[in-house]
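I opened my notebook to look up a few things in this structure. I wanted to go through cysteines, one chosen residue and the aromatic rings.

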Amino acid sequence: MSSFGENTRLTIFGESHGEGIGAVLDGVPAGCRIDMDRVYAQMARRAPGKDKTATPRLEKDVPRVLSGMLDGVTTGAPIACLIENTNTRSGDYANLLEKPRPGHSDYTAFVKYGGNNDIRGGGHFSGRLTAPLVFAGAVLRQILETEGIKIAAHIESIGGVSDERFNPVCIGDELMERLSGSAFSLINTSVEEKMRAEVESARADGDSVGGVIECAVTGLPVGIGGPLFDGLEGQIAKAVFGIPAVKGVEFGAGFGSAKLRGSQNNDPFAVKDETVVTETNNCGGILGGISNGMPLVFRAAIKPTPSIAKEQKTVNLTSATDDLLAVRGRHDPCIVPRAVSVVEAAAAIAIFDLWC
Ligand SMILES: Cc1cc2nc3c(=O)[nH]c(=O)nc-3n(C[C@H](O)[C@H](O)[C@H](O)COP(=O)(O)O)c2cc1C
């Protein structure tokens, strides 16, 4: 099912070229003031059509709140939001039911749903379905902020070009605010041009490029999460893997920690300003599935956009023969810049559910 959460339940509905897409967010406490301009600002960071790293599709992505808010304050009823689909060009997708795109969901969805799935624009598998996810995250992160919990992500790399990583033991509010308001979020902004050149070179080749997004959560108190299956890592990973094109999630030193000795990987405890802290943060702020009060840091690997203009091998499902496909239509040569606010939203949803 397209739902997430036990205490706060998010359900996402819609198909890319249907009437509309949207979210129902249930379990949000009453009496929380939500600044809709800040919600729109987060959705604008995800929206396409802004620059050459994204598809030129102009999707307005204006969320219409149908219920759950009155005069900018949550009522305690489910918050329902609808985003109409306006900029669709379904003809671009006509041949994909027969010829599945390599790297996309066309083949698996065709088999699972017996060809009844809406293939137009990727249907329910489209990256467009992340617009309601960002809406929900933008609402919930405002409530988390009133508790001092802040979430921000940046582009850690695109292709072979890398930004600096977060200093995992000390991430200032100023940096968090700058990143979470930026359309091309970087710690070291001097790498922007090189990253854009990497995307442009893939686009010029009729190809695409992937990258990594690094996300930090600061202000989390000690004790959020739990052992085994309901831990912070599992919850965040589940929400982040809900984002199309995410193929890996790692916390703290992640896969790198497998190469260290215990003496190198363990984060020594210390007392600072009467608070227990750790001197390093290889665990990414999580021990035993529970927050330890240090910044929570994780990274998500985003694959290159599957729909590319370059001709690739596929099959014709009607004639059961080998075939070739060059994907038409307007696609992101790189998903990473647009997915930054989506990763932040997924983190907000996972943390809010546990924090409730
Ligand atoms: C913000 C965003 C935009 C995306 N745009 C495109 C796109 O333009 N073309 C495309 O083929 N895939 C795009 N994707 C990725 C596909 O939706 C995704 O690869 C596909 O549904 C298969 O899912 P999987 O990669 O998780 O296996 C986008 C994903 C996101 C998060």
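**Entry 1: cysteines.** I am working with a predicted model. I began with disulfides, and the count comes to zero. Why is Cys215 not bonded to another cysteine? I looked for the closest cysteine sulfur and found it in Cys283. The gap is 16 Å, which is too far for a bond, because a disulfide needs the two sulfur atoms within 2.5 Å. I also checked the surroundings of Cys215: its relative accessible area is 0%, so I noted it as buried.

Next I took Cys356. Its closest cysteine sulfur belongs to Cys32, at 9.2 Å. That is again too far for a bond. Is Cys356 buried or exposed? I wrote down partly exposed, since its relative accessible area is 46%.

**Entry 2: Ile143.** I found Ile143 in helix 3, which covers residues 130-145. Its relative accessible area is 5%, so I put it down as buried. Which residues does Ile143 touch, leaving aside neighbours within four places in sequence? I listed Val28, Cys32, Ile34, Phe352 and Trp355. Cys32 was already in my notes as the residue with the sulfur closest to that of Cys356.

I also looked up Ile143 against Thr280. They are 137 residues apart along the chain. Their C-alpha atoms are separated by 29 Å.

**Entry 3: aromatic pairs.** How many aromatic pairs does the structure hold? I noted two. In the pair of Phe251 and Phe298, the ring centres are 5.7 Å apart and the planes are at 40°, so I entered the pair as tilted. This pair links distant parts of the chain, with the two positions 47 residues apart. Phe251 is in strand 11 (residues 246-251), and Phe298 is in strand 16 (residues 296-302). Both Phe251 and Phe298 are buried.

Then I turned to Phe352 and Trp355. Their ring centres are 5.5 Å apart with planes at 50°, so this pair is tilted too. Both residues lie in helix 8 (residues 336-355). They are three residues apart, about one turn of the helix. I compared their exposure. Phe352 is buried, at 0% relative accessible area, whereas Trp355 counts as partly exposed, at 25%. Both were also on my contact list for Ile143.

**Entry 4: a charge and a ring.** Where does Arg196 lie relative to Phe184? I found Arg196 over the face of the Phe184 ring, at 4.3 Å from the ring centre.

How values were computed. Residues numbered from 1 in each chain as written. Predicted model: local features only at pLDDT ≥ 70, side-chain atom pairs only at ≥ 80, totals over all residues. Heavy atoms only, no water. Buried < 20%, exposed > 50% of the residue type's maximum accessible area, 1.4 Å probe, protein only. Helix = DSSP H or I, 4+ residues; strand = E, 2+ residues; numbered from the N terminus. Contact = heavy atoms within 4.5 Å. Phe/Tyr/Trp six-rings, centres within 6.5 Å; stacked < 30°, edge-to-face > 60°. Lys NZ or Arg CZ within 6 Å of the ring centre and 35° of its normal.
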